[in-house]
Amino acid sequence: LAPGWPLIKEWAYAGFFFVMTGAVVSHLASGDGIGGVVWQSIFVALIVLSWYLRPTARKLHVQPR
């Protein structure tokens, strides 16, 4: 959606990660147990894999100062 703005894509990955890990913690804190966090945990794993395995052309290249 934003091909010229790679930093926005990195923030989107971070946002999804924070939302889903927050969901895992919230379910555990409310007493749902492991069964209540299976799907959220799968989504967290998919988000991390998607971020880690993205093509090199889509990775953010930071210039060292």
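## Arg54 and its surroundings

The side chain of Arg54 comes to 2.3 Å from the backbone oxygen of Trp51, where a polar contact is a pair of N or O atoms within 3.5 Å, one able to donate a hydrogen and the other to accept it. This is a predicted model, so local features need pLDDT of at least 70 and side-chain atom pairs count only at pLDDT 80 or more, while totals for chains, interfaces and linings use all residues. Residues are numbered from 1 along each chain as its sequence is written, and side-chain values use heavy atoms, with hydrogens and water left out.

Arg54 lies in the segment after helix H2 (38-52); helices are DSSP runs of H or I, at least four residues, numbered from the N terminus. With a relative accessible area of 13%, Arg54 is buried (under 20%; exposed is over 50% and partly exposed in between, with a 1.4 Å probe and protein chains only). Not counting residues up to four places away in sequence, Arg54 touches Glu10, Tyr13, Lys59 and Leu60 (heavy atoms within 4.5 Å).

## Trp51 and the nonpolar patch

Its partner Trp51 sits in helix H2 and is partly exposed at 35% relative accessibility. Trp51 also belongs to a nonpolar surface patch of about 1200 Å², whose other members include Leu28, Ile34, Trp39 and Phe43. Patch residues have over 30% relative accessible area (Shrake-Rupley, 1.4 Å probe) and no salt bridge (Lys or Arg side-chain nitrogen within 4 Å of an Asp or Glu carboxyl oxygen); nonpolar side chains are joined within 5 Å, like charges within 9 Å. H2 gives the most to this patch, with 8 residues.

Methods. Helix = DSSP H or I, 4+ residues; strand = E, 2+ residues; numbered from the N terminus.
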